[in-house]
Amino acid sequence: MTDTFTLPANGSFSFAGRNALITGAGAGVGEAVAREIHAGGGHVAVSDVNLEAAQAVAHSLDPSGATAIALTLDVRSKQDFIAARDAIVAQWGRVDIVVNNAGHAKRTPTQDITPEEFDEIVQINMRSVFLSCQLFSEHMREHGYGRIVNITSLAGQNGGTVASPHYAASKAGAIMLTKYFARYLAGSGVTVNAIAPGPIDTAKARLSAEQIARVEGEVPIGRFMAVGEIAAATALLASDRGGFFVGATLDMNGGLYLR
Ligand SMILES: NC(=O)c1ccc[n+]([C@@H]2O[C@H](COP(=O)([O-])OP(=O)(O)OC[C@H]3O[C@@H](n4cnc5c(N)ncnc54)[C@H](O)[C@@H]3O)[C@@H](O)[C@H]2O)c1
């Protein structure tokens with residue numbers, strides 16, 4: 001989080017007494033969301049397929065481990081989701097908030113995408129949302145409260161600016177799963193919503209200077225989104241005060257797509 005337009009976590013929403021699981025939280029958006037919820041007084045389980053990255057974030061939040069823990073969670077694995085739920089229940093009693101953030105993009109030329117690569121991208125970006133919502137809907141329903149936020153993409157709404165077919169299709173599926181589970185859980189105290197971001201600062205590390213300039217030229221407000229901005233919107237949807245959002249997809253694209 002070294003970009004000049006990073007907004008620091010400020011804990012605008014209260015998460016006192018809430019326990020949150022964030023996937024892909026060892027870096028980028030997931031890390032920023034973990035910092036935001038922790039700044040609001042919540043307990044955070046910082047999970048990632050890269051345990052060392054998750055440990056670094058959790059340790060920086062609370063070296064004692066009382067309010068922030070690190071977990072290994074590969075979102076392709078149903079077993080990892082179950083183990084994460086059990087670890088949080090053992091530590092803090094229940095899971096109140098899940099942010100399905102982990103995602104992966106590949107820019108393989110269309111004719112070179114293998115069936116295996118297609119499946120991998122779908123597993124990380126879409127099947128993960130199903131596994132997580134399926135598992136935590138039962139857990140949260142039992143407790144009569146829950147907030148699930150799925151980080152999807154502009155690519156899943158209109159194909160995006162540079163997205164590949166498997167990425168765009170998997171994110172579109174994640175948006176539809178958000179709507180499905182929102183209705184499935186409506187009235188139970190559990191809400192499910194999505195955010196559809198356009199280009200985020202975290203992507204700059206993967207782009208050339210020319211590509212960055214091109215994207216900045218395409219976005220009507222002329223810049224990438226700061227991770228602090230998406231963390232703040234995620235905090236709203238994940239907070240008690242976000243209870244009337246049901247199956248919504250928040251557009252955060254700097255004006256690239258208006259509907
Ligand atoms: N960066 C962008 O411009 C952009 C735009 C639209 C949507 N998004 C979405 O926002 C989310 C966060 O993106 P980011 O830019 O912070 O990504 P990032 O690459 O900076 O961080 C992703 C994190 O997810 C972890 N991860 C990767 N595969 C995983 C797996 N199988 N299981 C668990 N963790 C895994 C990585 O280790 C990493 O810590 C993703 O879902 C991404 O698709 C990003």
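**Contacts, cores and ring pairs in the predicted model**

Arg-94 touches Gly-17, Arg-18, Asn-19, Ile-88, Val-89, His-139 and His-143, once residues up to four places away in sequence are set aside. The model is a predicted one, and this arginine is a handy way into it. Arg-94 turns up in the loop between α3 (78-92) and β4. With a relative accessibility of 28%, Arg-94 falls above the 20% limit for burial and below the 50% limit for exposure, so it counts as partly exposed. On a longer scale, 157 residues of chain lie between the positions of Arg-94 and Asp-251, and their C-alpha atoms are 30 Å apart.

One of the partners of Arg-94 is Arg-18, which sits in the segment before β1 (19-22). Arg-18 has a relative accessibility of 16%, so this arginine counts as buried. Neighbours within four places in sequence aside, the contacts of Arg-18 are with Gly-42, His-43, Arg-94, Asp-96, Ile-97, Tyr-145 and Asp-240. Two of these deserve a second look. The side chains of Arg-18 and Asp-240 are joined by a polar contact of 3.2 Å. As for Tyr-145, Arg-18 lies over the face of its ring, 3.6 Å from the ring centre.

Now for the nonpolar interior. In soluble globular proteins, nonpolar side chains tend to be buried together. Here the largest nonpolar core has 32 residues, and the members that touch the most others are Ile-22, Ile-37, Val-44, Val-46, Val-99, Ile-195 and Ile-230. Helices and strands both feed into this core: α1 (28-39), α2 (51-61) and α8 (227-238) each supply at least two residues, as do β1, β2 (43-48), β4 (97-100) and β5 (146-151). The largest share, seven residues, comes from α8. Val-99 gives a feel for the packing: beyond its neighbours within four places in sequence, Val-99 is in contact with Leu-21, Ile-22, Thr-23, Val-33, Ile-37, Val-149, Ile-151 and Thr-234. Apart from this core lies another one, of 28 residues, with Trp-92, Val-98, Ile-148 and Val-192 among its members.

Back to α8, the top contributor to the largest core. This helix has 12 residues and reaches 16 Å from its first C-alpha to its last, close to the 16 Å expected at 1.5 Å a residue. α8 is mostly covered, with nine of its 12 residues buried. The buried ones are Val-227, Gly-228, Ile-230, Ala-231, Ala-233, Thr-234, Ala-235, Leu-237 and Ala-238. Their cover includes α1 along with the strands β4, β5, β6 (190-197) and β7 (249-252).

Helix α6 (residues 165-185) has 21 residues, and from its first C-alpha to its last it reaches 30 Å, close to the 30 Å expected at 1.5 Å a residue. Just after α6, Gly-187 takes a positive phi of about 90°.

The aromatic side chains of α6 are worth a paragraph of their own. Searching the whole structure turns up four aromatic pairs. Among them, Tyr-180 and Tyr-184 make a stacked pair, 5.8 Å centre to centre with 20° between the planes. Both tyrosines lie in α6, four residues apart, or about one turn of the helix. Tyr-180, at 48% relative accessibility, counts as partly exposed, and so does Tyr-184 at 37%. Tyr-184 also pairs with Phe-181: the ring centres are 5.7 Å apart and the planes stand at 90°, so this pair is edge-to-face. Phe-181 and Tyr-184 are again both in α6, here three residues apart, about one turn of the helix. Phe-181, at 4% relative accessibility, counts as buried. Together with Phe-130, the residues Tyr-180, Phe-181 and Tyr-184 form one aromatic cluster. An arginine joins in here too: the charged end of Arg-141 sits over the ring of Tyr-184, 4.9 Å from its centre.

A last stop is Gly-65, in the loop between α2 and β3 (68-72). At 17% relative accessibility, Gly-65 counts as buried. Gly-65 and Ser-188 are 123 residues apart along the chain, and 31 Å separates their C-alpha atoms.

Technical notes
Residues numbered from 1 in each chain as written. Predicted model: local features only at pLDDT ≥ 70, side-chain atom pairs only at ≥ 80, totals over all residues. Heavy atoms only, no water. Expected span 1.5 Å × (residues − 1). Buried < 20%, exposed > 50% of the residue type's maximum accessible area, 1.4 Å probe, protein only. Polar contact = N/O pair within 3.5 Å; in protein donor to acceptor, adjacent residues only side chain to side chain. Contact = heavy atoms within 4.5 Å. Phe/Tyr/Trp six-rings, centres within 6.5 Å; stacked < 30°, edge-to-face > 60°. Lys NZ or Arg CZ within 6 Å of the ring centre and 35° of its normal. Core = buried A, V, L, I, M, F, W, Y, C linked by side-chain atoms within 4.5 Å.
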